[in-house]
Amino acid sequence: ERSKLNRLKDTRATTLDGENVNLLANIEGPKDLNQVKAVNADGVGLYRTEFLFIGRDALPDEEEQYEAYRAVLKSMPGKPVTIRTFDVGADKALNGVGARFEPNPALGLRAIRYSLAEPQMFKTQLRALLRASAHGQLQIMIPMLAHAHEIDQTLTLIEKAKVELRAERVKFDERLAVGGMIEVPAAALALGMFIRRLSFLSIGTNDLIQYTLAIDRSDEAVVHLYDPLHPAVLKLISGTIQAGARFGLPVSVCGEMAGDPVYTLLLLGMGLRNFSMHPGNILEIKQQVLRADVGELAPRVQRILKMDEQSKIREAVLRLAG
Ligand code: PEP
Ligand code: MG
């Protein structure tokens with residue numbers, strides 16, 4: 001089975017009716033690049049940079065970050081590389097550095113909230129990202145957005161970093177795109193203010209499901225309630241994909257849902273064309289894409305989106321493959 005899948009490595013992910021689909025990789029650092037190349041991913045859709053310092057006592061300086069980001073870009077010539085700014089806190093807590101007690105870490109100072117609370121640290125990362133952008137097709141992605149002012153503050157810091165780099169005569173990509181993650185229900189329900197400010201959106205289904213269903217994704221006692229097919233979750237995902245299409249903004253899914261073949265046809269039928277996942281899942285998802293006819297799937301998925309019984313939805317989703 002594995003060797004059959006391996007033959008798909010250099011096949012373009014195109015549906016039966018000719019729709020091109022991008023299959024991108026989620027990575028934690030340069031160590032994952034061999035696996036990304038082994039499956040010939042269309043790019044990196046999510047580089048989780050917080051793994052640069054999780055479990056360490058000191059934050060990586062600008063130089064160390066720059067080297068890591070550049071290494072990823074160098075190995076993906078001509079392909080997009082989406083690098084997410086630090087998503088620390090909650091399930092990705094820092095070791096010692098700035099640790100404090102939080103009664104509800106998932107609802108606390110994590111991701112963009114943490115970065116904006118530590119502007120010096122954040123600007124160091126933004127400078128490293130800008131410098132790396134001279135070496136490939138880099139895009140910056142902001143995690144866990146809920147407010148427009150979080151984007152505005154980030155864009156201001158990026159501008160500051162650019163002014164510094166210009167004064168230092170350091171090269172960077174002047175047109176570097178900035179996008180954001182839709183993983184808080186509030187963001188998925190108020191897309192206009194994000195779409196106006198960003199160049200692309202990526203749906204983080206892991207957190208979107210956690211926050212929509214009020215299920216701690218790291219709590220074993222409630223995992224049985226964690227359901228990507230809950231009608232509320234599906235509405236938020238499909239609404240985001242549709243809004244992106246309406247306003248000409250690329251949308252991807254980079255949560256676990258994108259790498260699970262159970263959901264591929266559903267997501268294709270919703271209009272999704274960018275899937276980012278663990279590189280080990282790419283060929284299996286490609287196999288699903290190659291069998292799909294999105295013209296035929298779209299109306300069936302529209303009917304699923306009108307359903308509000310989870311058991312019926314699950315049956316209908318499984319039938320999409322039949
Ligand atoms: C997500 O929330 O779906 C996501 C991709 O981000 P992470 O899993 O790193 O929180
Ligand atoms: Mg997330």
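**Stop 1: around ligand 1**

Select ligand 1 in this predicted model and show the residues around it: L46, R48, D87, E183, G204, T205, N206, D207, C254 and G255. Two elements each give two or more residues to this shell, namely β2 (44-48) and α9. Which element gives the most? Colour α9 and you have it, for this helix supplies 3 residues to the shell. Now try colouring the shell by residue type: you should find 2 nonpolar, 4 polar and 4 charged residues.

**Stop 2: the end of α9 and beyond**

Stay with α9 and select residues 205-213, then step on to A214, which sits in the loop between α9 and α10 (231-247). Look at the backbone of A214: its phi is near 55 degrees, a positive value in a residue that is not glycine. That is worth a pause, as most residues other than glycine have a negative phi. Is A214 buried or exposed? Count the other C-beta atoms within 10 Å and you get 9, so A214 is exposed; the cut-off for exposed is 12 or fewer.

**Stop 3: another positive phi**

Next, select R169, in the loop that runs between α6 (148-167) and β5 (177-182). Phi of R169 is also positive, near 55 degrees, and this residue is not a glycine either. R169 counts as exposed because it has 6 C-beta neighbours inside 10 Å.

**Stop 4: helix α12**

Now for some buried residues. Select α12, residues 282-291, and highlight I282, L283, I285, K286, Q288 and V289, which are buried. Keep the side chains shown and look along the helix axis. In an α-helix there are 3.6 residues a turn, so residues three or four places apart point the same way. What do the buried residues of α12 pack against? Add α1 (2-6), β1 (22-27), α11 (264-270) and β8 (274-277) to your selection, and you have the partners.

**Stop 5: the whole chain**

Finally, zoom out and switch to a cartoon view. The chain has 14 helices and 8 strands to pick out. Its C-alpha atoms fill a box of roughly 60 × 45 × 35 Å along the principal axes. The radius of gyration is 19 Å, which agrees with the value near 20 Å for a compact globule of 322 residues. If you colour by burial, 42% of the 322 residues count as buried. And among contacts with a separation of 6 or more, 70% join residues 24 or more positions apart.

Key:
Residues numbered from 1 in each chain as written. Chains lettered and ligands numbered in written order. Predicted model: local features only at pLDDT ≥ 70, side-chain atom pairs only at ≥ 80, totals over all residues. Helix = DSSP H or I, 4+ residues; strand = E, 2+ residues; numbered from the N terminus. Rg over C-alpha atoms; globule rule 2.2 N^0.38 Å. Buried ≥ 20, exposed ≤ 12 C-beta atoms within 10 Å, placed from the backbone. Contact = placed C-beta atoms within 7 Å. Near = placed C-beta within 6 Å. Nonpolar A, V, L, I, M, F, W, Y, C, P; charged D, E, K, R; others polar.
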